[in-house]
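This briefing introduces one structure to a reader who has not seen it before. Its topics are a helix, a sheet and the nonpolar cores.

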Amino acid sequence: MFINITDSKEANNKVSSSGLVHYLEKENRLAPKQKVEHWFNGQRSEIRPYEVVIKIDNNIAKLGKGDAKFFLVNISPSQKEITFLKKQYGEDGAKEQMKEFAASVMDAYARNFNRDGISRHQDLVWFAKLENYRYYGYHDPEVKQGLRMRGERKEGDQMHVQVIVSRKDATNKIKLSPLNTSRGKNAEHSKKMGQFDRVAFKQSGESLFDYKFGFDRQLKETLAYANVQKNGKLVQRQQLDVLARAASRNYQSELVANKLARGVAQLTFASTADMLADTGTSTADFLKVMLEPSNSTEDGPMQHLRRKKGIKRSKALRRTQ
């Protein structure tokens, strides 16, 4: 799951949003015979492009000429995640699930500011568009090497969601910038300007996807693992090595390892012993997990999700009896 926030793409976000809205309508223009993909915002599902422009462009009270008026949030599941959704829900069902997931991501976006009155997607002004394809651009190595042409479709499942979100909240009174580097360490600054932890936001998107759909995310597919491998210290990579060996044994150890990996990425643990102490076990006890037989085919995430739903159904039946 790749989630990214930019302040400008294909259009200057310091002026009207019309250029970006027009760009994101490209699939409807290029494939007129294909089913039209409408804009949505968690409350309405068939929003016209002109409505998006009017709402975003008019929600700019007290913003200066040089201030960003909106931001672009890119929600891109991996091809493995897309295949999983299509297998579970079918082609059209997967699209609807992605739209619902986008609203959940925007709930997380709102909460990440830690501002009073900003806690759900309804507190924001945002509009999203599901896209089915990606296209090669001049920055892609394939285009630079002459292997592909700019504008040519990329291979594989490329379904993703683009979200335009206003700099101001739904009341048009509070400024909200996801590019603010404050993470709440300076209380006065955060109270005045807000705060936004982009790593935590990206992590929340991954966690939401796994919880909502029962997706079996391997440790090496997590954002935490990728961040440590790219930017982590030696002690962090050593801690991940221990977790990787344990995660492959069974579903339960995989869950524990993925959770601990997030702590590793945040430099929570000074040593491997400290990391394992967080589970309430010693190193020896934790390593016993590695010796247990793998039950991944019997106790995977979908089975775990079905059991949870089954428990809820049985409780509901008892209440009606």
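**Main points**

α4 bends by about 115 degrees at Y89. The model is a predicted one. Four strands form an open sheet, and α4 gives 13 residues to the largest nonpolar core.

**Helix α4**
- The end C-alpha atoms of α4 are only 28 Å apart.
- A straight helix of 33 residues would span 48 Å at 1.5 Å a residue.

**The sheet**
- The strand order is β1-β2-β4-β3, with antiparallel pairing.
- β1 and β3 are the edge strands, each pairing on one side only.
- From one strand to the next, the twist averages 15 degrees.
- Six bridges link β3 and β4 in the antiparallel sense, and W126 stands opposite V165 in β4.
- α7 lies across β1 and β2, and runs at about 145 degrees to β1.

**The nonpolar cores**
- In soluble globular proteins, nonpolar side chains tend to be buried together.
- The largest nonpolar core has 38 residues, of which V73, I75, Y109, W126, V161 and F201 touch the most other members.
- Two or more residues of this core come from each of β1 (2-6), β2 (70-76), α4 (79-111), β3 (126-131), β4 (160-166) and α7 (198-213).
- The largest share, 13 residues, is that of α4.
- Leaving out residues up to four places away in sequence, Y109 touches I5, F71, V73, L124, V165, P178, F196 and F201.
- Another core, of 15 residues, lies apart from the largest one and includes A224, Y225, L240 and M275.

Key: Residues numbered from 1 in each chain as written. Predicted model: local features only at pLDDT ≥ 70, side-chain atom pairs only at ≥ 80, totals over all residues. Heavy atoms only, no water. Core = buried A, V, L, I, M, F, W, Y, C linked by side-chain atoms within 4.5 Å. Buried < 20%, exposed > 50% of the residue type's maximum accessible area, 1.4 Å probe, protein only. Contact = heavy atoms within 4.5 Å. Expected span 1.5 Å × (residues − 1). Bend = angle between axes of the 7 residues up to and from the residue. Pairing = 2+ DSSP bridges. Axes fitted to C-alpha atoms, helices over the stretch in contact; angles between N-to-C directions.
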